[in-house]
Amino acid sequence: MLRLAPLEPCLRIAAGVTAVLAQLLSWAPPAAAQSAPVPLPPAPATHEVTIDHEVLIPMRDGTRLGATIVRPRAPGRYPVVVRYEPYGRTVMTYFAERGYVTVLAEGRGTGSSGGIMADYFDAISFRDGYDVVEWAAAQPWSTGKVGLWGISYGAINATRIAALRPPHLAAVAVNSSYANFFGDHFFPGGVRSNHPYVWHGGGNMLSTMLRGPVYPGADGQPVLDLERWRQRIRDNKWEGYYTPQWTHDQYDAYWEEKDLRSKYATYEVPTLQVGNYFDHARNHDEAYLTYQVLKAKGIPQQLIVGPWTHGGGGPAHTIDFPRTALGWFDQFLRGIDTGITREPPVTLFVMRQNMWRTEDTWPIARTVPTTFQLGGDGTLATAPPRDTSSRRFVYRPWVGSAAGPYGTWFNAQYDEYLVLPDQRADEGESLTFTTDPLSADVESTGMPEISFLATSTATNTDFSIKLSDVFPDGRSALVTRGWINSAHRESNVNPRTPGDWRVAPTSAITPGVAARYRVTLQNVSYRFRKGHRLRVTIASSDWPSNWPNPLPATNTVHVAQGGTIGVSTFTLPVVPASPTPRPAPRLALRTSDAPRAPSPNGPRIQIVHDLSTSTVSYQSDRRSERAVPGGTMEQVEAWRVDGTKAPPYRQVIDYANTQTLRRPGFPDLRVTWRVRTDSAGPKATVEWFERPIP
């Protein structure tokens, strides 16, 4: 049983002092001094609105972007809130009803906007966003104060546009933005992610470059426009969209153009950020880095992080994002003293404790980095291991399926936590290192990190690191994870601080020669309960989140080398309770926060291990139907990730989305959008049928 030191010694501890660290996890923290969240009062509507449909905004190159303008009906000048993205212009009256003009603008090549869409998040799209902001500021209904807001695509656009410094941009409010395309999403730790080639990438194309066939009309009513749909399929650059993402497997100018990390020097606008512990890949890590950049510049900001998937979605404890953003815009666009600048800048949700808490900074100042040593007998302890023998495991590319991928790939359920499958199926084919049962609750908030020495029989291999919570009944629940590819071992593309970012040339490893690996795990806030155990798992696969390494490998983790103990360690950010009460968070939480089961209309997901062919498949399908002008649109979306279980390891991802337009008196029309990805990269096709469908 672990024993804990008193509070005061823990607060005075210096990181790396082994004798004191050995006692840390036996310290029993006092009950957290934190009040329940204070609900933000509802903001009643104060204005009737008028809507201008099909407004065309001129860009500097003559292209005009389609927009919908929602304005207070009363004459006068109002601050402006802009949402700029390629997903359509669903009319939103919330801000206009509360004294703002809302500009809903579409990217070029989408909707009624002119031009072509050649890529996501390129310099042209950010320049267009700059022009939209400045156009809005110059209109007769505008005060000249403009804010940008958005979720996901719109959030990413907002931060990149802000880095261009439009003179009239006064504030930004974003949810699920990520700043580092290479390290956050496409190649976390240098490992190729599967996310861009399954639902998230394949399906997203149908919402942007190939969107149709229903568009807003001049009167705001939906219009069936097959010719415009054909034009988008013909003109937009969807066929070559995936190629650079696939081929640029190292950080270079292609990724630099898209990321915010390279633009931090010019990013200095008051910013509200909402992040999600269970976003795609490592997307939410950058919210913390952007926080640190703005803090160093003295820019007003707020960071809110909760237990949600991408977009702030989840069945419980969810934020009302528009209402949250309204308070931010009231402060910086209307000059109303809402008190928000005097509140603590960080609000986070501590999982397993089911508690919101405010903090004065990030990382939390009272954090005690606590170092554990990996033992040859599978132990994880602050004391030197008794067994210093090396531990070996065989790379099996299907390991990881117990966890499943983050984000929109699975139906999340929140009880105390997002419920994920038991990790023991994966852990049985991995290396595990486990503590003794905890004698008291322990909170970990921040970014855990592992440093280990390993050899491989291959010239290139991957490592997946997971931190889990082992319950008294033996069940193992995933807490957080991180990845690294051996060729990227000298880089740090998932840093703890902006200054830690490092990109080094890739290099092969020499079979049998030890190499050092340092891996940060995703930021998290989690309370490990008394009687539970911490478990660190090391494998060389996290499928289907990541692309399997094609090389077979037997990998060895070394606990000691040349008589030196402690060559493989795991550092946990332990956060004692605040010695003084924390101010209660002021939050706009949705009222429908009762935990609920996944929707029966959501995607059906199954994992199939075929023993006869030695393959494994991760499969999903979803069917839906919606009314469109003059008929119905049926949609069948299906994807599967197929992998081999014998070397050489191969994988094929097949995503297909078929939309069938049925109209009485007309032939059925069917369009199938497919992306097939194998070791040669993604290949996208569109099949268009204008004949009766059997």
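Student: Let's start in the big sheet. Which residue in E11 is the bridge partner of Gly275?

Tutor: Keep in mind that this is a predicted model. Strand E10 (residues 271-278) and E11 run parallel, joined by seven bridges. Follow the pairing from Gly275 across into E11 and you land on Val305.

Student: What is the strand order of the open sheet of 10 strands?

Tutor: Its pairing is mixed. The edges are strand E2 (49-58) and strand E13 (355-359), each pairing on one side only, and the twist averages 20° from one strand to the next. Reading across, the order is E2-E3-E5-E4-E6-E7-E10-E11-E12-E13.

Student: Helix H10 packs on the sheet, so to speak. What angle does its direction make with that of E11?

Tutor: H10 covers residues 285-297. On the sheet, this helix touches E10, E11 and strand E12 (346-350). Its direction and that of E11 make an angle of about 175°.

Student: And H4, which strands does that helix lie across?

Tutor: H4 takes in residues 153-163. The helix runs at about 135° to E6, and E6 is one of the three strands it crosses, namely E4, E6 and E7.

Student: Why is H4 described as largely enclosed by the rest of the structure?

Tutor: Count its residues with under 20% relative accessible area, the cut-off for buried. The buried ones run from Tyr153, Gly154 and Ala155 through Ile156, Asn157, Ala158 and Thr159 to Arg160, Ile161, Ala162 and Ala163. H4 is largely enclosed because its buried residues number 11 of the 11.

Student: Which helices are included in what covers the buried residues of H4?

Tutor: The cover includes strands, among them E4 (78-85), E6 (142-151) and E7 (169-175). It also includes the helices H3 (123-137), H5 (181-186) and H9 (253-258).

Student: Which residue with a positive phi follows H4?

Tutor: Look just past the helix for a phi near 60°. The residue with that positive value is Arg165.

Student: On to pockets. How much space lies in the largest pocket?

Tutor: Lining it are 38 residues, and the closest to its centre are Tyr87, Leu206, Ser207, Arg211 and Arg626. Elements giving two or more residues to that lining are helix H6 (199-206) and the strands E8 (214-216), E31 (615-628), E32 (631-644) and E33 (651-662). The space inside comes to about 820 Å³.

Student: How many residues in that lining of the largest pocket are charged?

Tutor: Sort the lining by class. There are 11 nonpolar and 19 polar residues. The charged ones number eight.

Student: Which element gives the largest share of the lining of the second largest pocket?

Tutor: This pocket has a volume of about 520 Å³, and of its 29 lining residues Leu40, Arg323, Gly327, Thr338 and Arg586 are the closest to its centre. Two or more residues each come from strand E11 (301-309), helix H11 (321-332) and strand E29 (586-587). By class the lining has 14 nonpolar, nine polar and six charged residues. The largest share, five residues, belongs to H11.

Student: Last one, about the four-strand sheet. Which residue in E24 is the bridge partner of Thr432?

Tutor: The open sheet has the order E17-E24-E20-E21, with antiparallel pairing, and its edge strands are E17 (431-434) and E21 (476-485). Four bridges join E17 to strand E24 (residues 533-539). Across from Thr432, the partner in E24 is Thr537.

Conventions: Residues numbered from 1 in each chain as written. Predicted model: local features only at pLDDT ≥ 70, side-chain atom pairs only at ≥ 80, totals over all residues. Heavy atoms only, no water. Buried < 20%, exposed > 50% of the residue type's maximum accessible area, 1.4 Å probe, protein only. Contact = heavy atoms within 4.5 Å. 1 Å grid on protein atoms, 1.4 Å probe; cavity = no way out; pocket = protein on both sides within 12 Å on 5 of 7 lines; lining within 4 Å. Points joined across faces, edges and corners; volume = space filled by probe spheres on them. Nonpolar A, V, L, I, M, F, W, Y, C, P; charged D, E, K, R; others polar. Pairing = 2+ DSSP bridges. Axes fitted to C-alpha atoms, helices over the stretch in contact; angles between N-to-C directions.
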